[in-house]
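Let's take a friendly walk through a protein model and see how its parts fit together. Keep the picture open while you read.

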Amino acid sequence: MSDDRQVLLDALKFHGHRCWASVAGVRAGLAALRDLGVQRSGGRQLHAFVEIGEDHGGICFGDGVQYATGCTLGKGNIEVLDEGLAQATFSAGGRVLTISLKDEVRLKKVLDNSARARSFYYDALKGMDLEYIPSEANFVLIRVGNKAEEITRKLFDRKVLVRFMGSYGFPDCIRISFGTPAENRRCIEELKKLI
Ligand SMILES: [Zn+2]
């Protein structure tokens, strides 16, 4: 078995489950070691900045990078930026290298995020006894009754952006576009106060 494969298997054991994002993190980390010509770090010659976003995939990506490179929170040679898509920047010996996911992986990540947002909203709306119109789209259409326009305005005042669907022929509906998990949670929290 190649060393890389062994690192990958060990990383998955460390991570606790097998997922695409931790594998991507391991691959990014191994590629960085090779390109920058450094060893898996027991010291601080290598420094990593990982943009993980706040969803599951991003955090898994960060685990993969940590395991593969040996840059760990404990050693203080990894910094985690809570934004962006899974992407990592490495520095060693005055050189800097950024490794991003390929477009198709990014696309998968976006789709995964939509699927999670969709089930989050559907569950929350069921709990609130609100009717919604299921779709594969990147938003959810919710029947909130004759206060739809007012609710849209009040949400706007609370800096939550939804669209009143009156001009689309749904005067009792609002449309919520999927955001980050935090944005989705906040949107439901604010909506609960108005229903
Ligand atoms: Zn994972």
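## A hairpin to start with

In strand β4, arginine 95 is the bridge partner of alanine 92. Before going further, keep in mind that you are looking at a predicted model.

Alanine 92 belongs to β3, which covers residues 87-92, and β4 covers residues 95-100. The two strands run antiparallel and are joined by six bridges. Which residue in the hairpin of β3 and β4 takes a positive phi? It is glycine 93, with a phi near 50°, in a hairpin that has two residues between its strands.

## The sheet around the hairpin

Now widen your view. The hairpin strands belong to an open sheet of four strands, ordered β2-β1-β3-β4, and the pairing in this sheet is mixed. At its edges you will find β2 (78-81) and β4 (95-100), each of which pairs on one side only. From one strand to the next, the twist averages 15°.

Inside the sheet, β3 also meets β1, which spans residues 46-51. Six bridges hold this antiparallel pair together. You can pick out one of the partnerships by eye: phenylalanine 49 has threonine 89 of β3 as its bridge partner. As general background, strands of a sheet pair through backbone hydrogen bonds, and they do so either parallel or antiparallel.

## Helices beside the sheet

Which strands does helix α2 touch as it packs on the sheet? This helix, made of residues 20-36, touches β1, β3 and β4, and its direction makes about 150° with that of β4.

Helix α2 also packs with helix α1 (residues 3-15), at an angle of about 135° and with the two axes 10 Å apart. That angle makes α1 oblique to α2, because it falls outside the ranges that count as roughly parallel, perpendicular or antiparallel, the last of these being over 145 degrees. The crossing of α1 past α2 is right-handed. On the α1 side, the contact is made by Asp4, Val7, Leu8, Ala11, Leu12 and His15, while α2 offers Ser22, Val23, Val26 and Leu30. Sorted by type, the residues of this contact are seven nonpolar, two polar and one charged.

## Two domains and a second sheet

Time to step back. The chain is divided into domain 1 (3-101) and domain 2 (113-194). Taken over C-alpha atoms, the centres of domain 1 and domain 2 are separated by 36 Å.

Another open sheet has four strands in the order β5-β6-β8-β7, with antiparallel pairing. Its edge strands, β5 (131-133) and β7 (163-164), each have a single partner strand, so one side of each has no neighbour in the sheet. How many bridges join β6 to β8? There are five, linking residues 139-143 of β6 to residues 173-177 of β8, and these strands run antiparallel. Look for leucine 141, which stands opposite arginine 175 in β8.

Notes: Residues numbered from 1 in each chain as written. Predicted model: local features only at pLDDT ≥ 70, side-chain atom pairs only at ≥ 80, totals over all residues. Pairing = 2+ DSSP bridges. Axes fitted to C-alpha atoms, helices over the stretch in contact; angles between N-to-C directions. Contact = placed C-beta atoms within 7 Å. Domains from an automatic or database assignment. Parallel < 35°, antiparallel > 145°, perpendicular 65-115°, else oblique. Left-handed = near helix turned anticlockwise from the far one by under 90°. Nonpolar A, V, L, I, M, F, W, Y, C, P; charged D, E, K, R; others polar.
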